[in-house]
Amino acid sequence: MDPSDKSVQKTHRARHSGPKAEKKKSKNKHEQDLTARQRNPKAFAIQSVNKAAKSFRRTADIKAKKQHIPKVDRTPVEPPPIVVAIVGPPKVGKSTLLKCLIKNFTKQKITNIQGPVTVVAGKNRRITFIECNNDINCMIDVGKIADLALLMVDAKQGFEMEIFEFFNICQATGFPRCMGVLNHLDMYKDGKTVRKRKKHLKNRFEVELYKGARLFYLSMLVNGEYLPNEVHNLCRFISVMKIVPLTWRASHPYIFADRMEDITNPEDIRQNPKCDRTVSLYGYVRGTHMKTKSMVHIAGCGDYIIKNMTFLPDPCPTPTMEKRRSLNVKERVIYAPMSGVGGIVYDKDAVYIDMGTKSAPEQEKPSGMVAALMESLKPVDEKVRESQISIFKGGPAISGEEFDRKRQSESSDDEEEEEDEGDKDSGMEAESSEDEDSETEEVEGPVKKKRKTIKGSDDEQSDSDDGNNAMDVDDDDEDEDSDGTSDEDGDNDEESMLKWKKDMFQKAAMKHSARVNYTKMVYGDEVANETDEEEEEEDDQLGGLFKVLKKASRDGSRLDKHAINKKDCNHLEGDKEVDIDQLGEEIRDTFVTGKWDASEDAKARLDEDDALYGDFEDLETGEKHVAADVEESDISDDDSSEKEADDPEKDADQGDEEPIEREKTKAEMSAQERRAAKKKKIKELFDKEYDSKGDDQFYESWKAEMDEQAKLNKSEFEELPEEQRVQYEGFRPGMYVRVEFEQMPCELVENFDATYPVVLGGMTNIEEKLGFVNVRVKKHRWYKKILKSRNPLIISLGWRRFQTIPYYYKLEDNMRQRMLKYTPEHMHCNAVFWGPITPQGTGFLAVESVAEKTPNFRIAATGVVLELDQSVEVEKKLKLVGHPKKVFKKSAFIENMFTSALEVAKFQGARIQTVSGLRGQVKKALSSPAGAFRATFEDKIRLSDTVFLKAWVKVEVPRFIMPVTSLLLSQESKQAWLGMRTVGQLRHERGLPVPQKGDSLYRPIVRPQRENKPLVIPKALKMSLPFKDMPKELQEPKQPKRVAVVLEPHEAKVANFMKRVKAIYKDKRQKEHHMMRRRVQEHQKKVASMEAVKQEKLKEAKKRLHKILGDMKKKKDSSGSHR
Amino acid sequence: MSSLNYEGCNYFRMRLLMSTLSGKSVKISQIRPEDDDPGLTDFEVSFIRLMDKVTNGTKTVITETGTQLVYRPGLLLGGSIEHDCHNSRPIGYYLEMLMCLAPFTKEPLRAVLRGVTCDKDDPSVDLLKLSVFPVLKRFLGTDEGLDLKINRRGAAPDGGGEVVFSCPCRQKLRPIKFTQPGKIKRIRGVAWSVRVSPGFVNRLVDSARGVLNKFLTDIYIYTDHMRGGQAGKSPGFGLTLVAETTEGSFLGAEQVSSAKGSGEEPTVPEDLGKKAALTLLQEIFRGGCVDSTSQGLSCLLMVLGQQDVSKLQIGELTPYSIQFLRHIRDFFQVVFNIKVDKKAVTAAGDGDGDEEEEQELKTGGDKLILTCVGVGYSNVSKAIR
């Protein structure tokens, strides 16, 4: 081997496949032993406290969000059929869909569907279908009862107003499940537009409902039906749909009637076709337990008290089967009495089977005498009685009755006797019944006896019995409960000493014999007795004016009188004479010192424990205790801690059976096992103490409590027979019942339309009442108008639809409820109206009219009930205006604000203010004029000021409520229920102008010119001013005082002459002046010319002079230069 | 709105109470028509006044003779009210009904009642506090805000006492399941006296203990001797005892001295103490989870709960509670299921089959289990914001 070889040598290549590789792989298998977190815990430690806190908070948030307030689950064991409503605008294919759905469920083709149709959809699911038309009344009612709404949408049209309206109705009344069904997709030609359209509509639908809301597509019609597989898909979704429990429905019973029968006596109808009817309605009870004799609201009709209620066998029962998956044909039952489908019809006491095609032959109209008889309104015997016969011509006519009376008076003697006897009998009956009655009321205390003994007041004893009763009356006042015993004891006072003792024996005997039927004792047939007594009380009247009081003619009635007017107190007088020792013996075990029940006795439980953990070693003494020889160890060793409680007597008793069992257990268990068991128990205790005490422990325990209650609710009356159960619980949801009403309006029957749902909404007690309902309300943003206070509004609240007059108000910061004339446009406000008391938190919706046909959105407002009251606190502002009559320094007399001194007195101390903002206070009334008062202000007010007082007055809300009786309207006017109209509507209809107050009209403002007074500066101020600011008073030249002179004629002549002379003189002077001026001018001219010449001459001279001077200078200069 | 008709003045307050709670109007006719002083009495009128104070919109029409009354209830208002109760009946007469109404008011009730605090016919304020309050607490959930303060005591003829009752209001009450009364573990009580020698209370306590010590050692009776302005206008004394069980049920009983000028013999404290103890033993004999005083109240509040099953074990029904049950049926259409509690009667001694232990537990009279479904009553007066 040379080194060159070595260099060429290949490195080892491990095998990646083949048996060898696999063998190796299996030898050291790779195991993910540690997670990253485990391997490197530091990397996962808390780096930043803030970050950790944040993440913890987030997880806690998520956890808390999942939790809901635990509620008692009240869903019935066998729920009623779910209501599936098909909603949509007209001509969208609702009826076709309904037909297809029914066909899919029942394999039957039904052409004429009216009203609700109930089908069996599966093992545990029944469905009632209802098609909803586009009457807003109908939509509201359907929204209240539907568990699932199928919203039909025309793909071409998109979502129409009805769908949106239905969404809003649902929102106000509690949202049921909703599924969209997109129809008429075949109207689009190419696939791309269909897809686009689908996507667009689905997005819109999800916006409206929730993300992921389901929208179905029905692609096309084949032979007037949708594609079977599409319908089948839809059906499967419907039948597995989970129904959400809604608050209103969970707390109120309701029946969606699927059948109505008019059970009025036909004779009454014949006599008066408009007479009130007796009607029975059928349907499943839904919601919660419904009680007979309670009041229900029939939506669209009114409030009625149930006269009678019975449960019937279910016409559409759910098949009871365990394993099979699909229904067979027999089980696919359909029940639609309004459409005449569904074979068997049950009634209270009969079952009717539809025989199908055979129609009854047309009855022939009777003629002649039969017809005449049928037409007469009174029965024949009545007619006979009324008819009169006069035997002799002209003699008095005698009717049948009179004749009878005369005959009776003849044979009166015999009859009277009979009557007496009859009276006696009835009296006797009454007594016995009284006895029963008093017994039921008075039986109490430890003393109890059977009814039988009291009832046995025989005819022979009646006299003595009467006496007893009389004494009883006295007894009653003193000692109520001795009554029961005194009856039997014969009121023996001597015996009463031993009464207690005697009762003890009775008691003891009774415990093993029959017991008192307490239910009968409390509820009994008390009602029947009462009516009997009432019948007995006949009034004897003297001349029809005075009433003779039958003063205790019969003891029974006296007793009764006393019973009803006894002292009203809840105090129980115990037996006076009681033997303490005996009583003490009787109640020995009610104290902790007495004996305990086996299940709760501490000692007994300890013994049980001993069986398992009995043996232990006493470390101090070194003794070993073994469970088997409890007795010995107990006797031998008293200080053993666990055994201290045991008394030796008891342990001796245990000897018989238990040791055998114990030995067995002991034999089976090794020491190790026993230790393990002990440890386990300790661990459990520890866990209980410290574990599972997380944040949600409270929540969990709460939930557990609710579950327990739900279980109890379901199980408590389960074993009772149906009749009794109904009595205690009421008719539970899921039962098919027949409800009978009396005095229903005949229009309900006559104008019955199966397409309108008949909903019987049950109410709790207080909801029958009316009151002022305070609600939070918001005008719907799609509604065109704003709502005005005092305008009637139709509100759907609870089961009811009614018209009422709301007042809108705003809760101000100082909690004042200030009236608003109109609702705000985009804000919540409050409203108050007179309406049915409905629990707080119930939603409602309002429409202005159910009659008008409009393409616009019809729902005016939605809201929620806040508070109920019997008075209204809404206020509006009131300004009282007055004017000052006289103004002093800071006080003033104000008039015209009030009309009397009394009014002023009411407002004494009230704040007033002027327009300019000066504040003041009302002080005291003046004696005159009436209503004037003195007021003080913070400063002097002007006489021209206006003074006003701001006050708040309560608004009176009219107590007006009017149920929308849409069910009673005839077919053509069904959609045109017209209630109260607004004032505006009335004016419009009658062409009346809106009345205007003259005061409120605008007029041109005419303002008189104000003259300002000159500024007067006080003298003192003026004196102190510096000179430059001092106003300079310019002395006006004093005018000579002129006196008007009236001249004498002569003087006047003279004066006139003088005047003329003066005028002439003046004129002359003027002329002279003019001439003088001219002369002067001429002279001036002359002087000027002379002057000019002179100047010329002077100028010449100067010129010459200067010339000479110049020459001289020149000469001088030249001479000088020469030098 | 439906209306109910009754005759006679008995159960007068019960009818008005139920009418107020159920909203049904009630017409009572034939009120003492044959008495020398026919028609409504002063205390009944006083009760009507009280009802008018706690409600809003109540209308009462009484005929001229006073023998007929039409009562149309309004809504419960609550809040702070003051009422001078007529002295012919003690405050307990008014307070008993007020306690039934108080949980359903618009605002928590705080009522100042003046008059006779303790008298023979009606439960005294002490008894109501000791035995009815624990029951009320079970329905309300907590006893926060539930209070009865005795400012002044006033004995029978002239009164002069004053108590302040305050109670929180609820939207809904809780259903109860209370069928195990447990065993009596302690006895408490109040011995009170006004305008008599202060030694009376101690004599009452001693004599009552003399009887009760045989059964239980944990007995403590508070003495409450009021003097001066707190003592009212008439002399009197009384003893109220209450037995508390391990499960928290309270059985109360009381005795009150005969009123001054009532024509009865003057009461000796020792006799009264002994009698009170005896009454308590009788009450224990009757047993149950609630005592006879609060039977009516607990039945009513069971009915006024949510639509859940409530279960309650009580002793023998008193005539008054029987009438309560009947009225409940009339006003609320609820029928109670009344069964004899078999377990309490037949429970065996110690579970071991020995000859002398086989006898049943000695727990007094028959025990009944009342079961009913609530009507789903909710407090419509309370406002939500």
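**Exercise 1. The annotated domain of chain B**

Task: Find which residues of chain B UniProt lists for "domain: RNA 3'-terminal phosphate cyclase", and describe that span in this predicted model.

Solution:
- Step 1. Start from the record: the unreviewed UniProt entry lists residues 6-338 of chain B under that name.
- Step 2. Look at the secondary structure of residues 6-338, which is 32% helix and 28% strand.
- Step 3. Now pick out the two ends of the span in your viewer: their C-alpha atoms are 25 Å apart.

**Exercise 2. The build of chain B as a whole**

Task: Work out how compact chain B is for its 385 residues.

Solution:
- Step 1. Count the elements: chain B has 9 helices and 18 strands.
- Step 2. Compare the radius of gyration with the globule rule. The value for chain B is 21 Å, close to the 21 Å that the rule gives, so chain B is as compact as a globular protein of that length.
- Step 3. Draw a box along the principal axes; the C-alpha atoms of chain B fill roughly 65 × 50 × 50 Å.
- Step 4. Turn to burial and contacts. Buried residues make up 62% of chain B. Among its contacts between residues at least 6 apart in sequence, 75% join residues at least 24 apart.

**Exercise 3. A sheet in chain B and its helices**

Task: Give the strand order of the open sheet of 4 strands in chain B, then place the helices that pack on the sheet.

Solution:
- Step 1. Reading across the sheet, the order is 7-8-10-9, and the pairing is mixed.
- Step 2. Find the edges: strand 7 (78-84) and strand 9 (147-152) of chain B each pair on one side only.
- Step 3. Check the twist. Ignoring direction, neighbouring strands are turned by 10° against each other on average.
- Step 4. Zoom in on one pair. Strand 7 and strand 8 (residues 107-115) of chain B run parallel over 6 bridges, and Glu82(B) stands opposite Val112(B) in strand 8.
- Step 5. Add helix 3 (residues 91-101) of chain B, which touches strand 8 and strand 10 (161-167) and makes about 170° with the direction of strand 8.
- Step 6. Add helix 4 (residues 125-140) of chain B, which touches strand 9 and strand 10; its direction makes about 165° with that of strand 9.

**Exercise 4. Chain A and its contact with chain B**

Task: Sketch chain A, then describe the side of chain A that touches chain B.

Solution:
- Step 1. Begin with the overall count: chain A has 37 helices and 40 strands. Of its 1123 residues, 27% count as buried.
- Step 2. Locate the annotated domain. In an unreviewed entry, UniProt assigns "domain: Bms1-type G" to residues 79-244 of chain A. This span is 40% helix and 22% strand, with end C-alpha atoms 13 Å apart.
- Step 3. Move to the contact, which takes 79 residues from chain A and 86 residues from chain B.
- Step 4. Find the contributing elements. Those giving two or more residues on the chain A side include helix 16 (412-442), helix 31 (697-715) and strand 33 (859-869). Helix 25 of chain A gives the largest share, 5 residues.
- Step 5. Sort the chain A side by residue type: 26 nonpolar, 25 polar and 28 charged.

**Exercise 5. A hairpin and a cis peptide bond**

Task: Follow strands 36, 37 and 38 of chain A and find where the cis peptide bond lies.

Solution:
- Step 1. Strand 36 (residues 911-914) and strand 37 (residues 919-925) of chain A are antiparallel over 3 bridges. One partnership joins Gln913(A) to Arg919(A).
- Step 2. These two strands form a hairpin with 4 residues between them, and Gly917(A) in the turn has a positive phi of about 100°.
- Step 3. Strand 37 also pairs with strand 38 (residues 933-937) of chain A, antiparallel over 5 bridges. Here Ala925(A) stands opposite Phe933(A).
- Step 4. Look in the loop between strand 37 and strand 38 for Pro929(A). The bond from Ser928(A) to Pro929(A) is cis, with omega near -5°.

**Exercise 6. Two backbone exceptions**

Task: For Lys107(A) and Gln743(A), decide whether each is buried or exposed.

Solution:
- Step 1. Recall the background: most residues other than glycine have a negative phi.
- Step 2. Lys107(A) has a positive phi of about 60°. The loop between helix 6 (94-106) and strand 2 (117-120) of chain A holds Lys107(A). Because it has 10 C-beta neighbours inside 10 Å, Lys107(A) counts as exposed.
- Step 3. Gln743(A), in strand 24 (residues 736-744) of chain A, has a positive phi near 55°. With 12 other C-beta atoms within 10 Å, Gln743(A) is exposed, as the cut-off for exposed is 12 or fewer.

Methods
Residues numbered from 1 in each chain as written. Chains lettered and ligands numbered in written order. Predicted model: local features only at pLDDT ≥ 70, side-chain atom pairs only at ≥ 80, totals over all residues. UniProt positions renumbered as here; feature names shortened; annotations may be inferred. Rg over C-alpha atoms; globule rule 2.2 N^0.38 Å. Buried ≥ 20, exposed ≤ 12 C-beta atoms within 10 Å, placed from the backbone. Contact = placed C-beta atoms within 7 Å. Pairing = 2+ DSSP bridges. Axes fitted to C-alpha atoms, helices over the stretch in contact; angles between N-to-C directions. Nonpolar A, V, L, I, M, F, W, Y, C, P; charged D, E, K, R; others polar.
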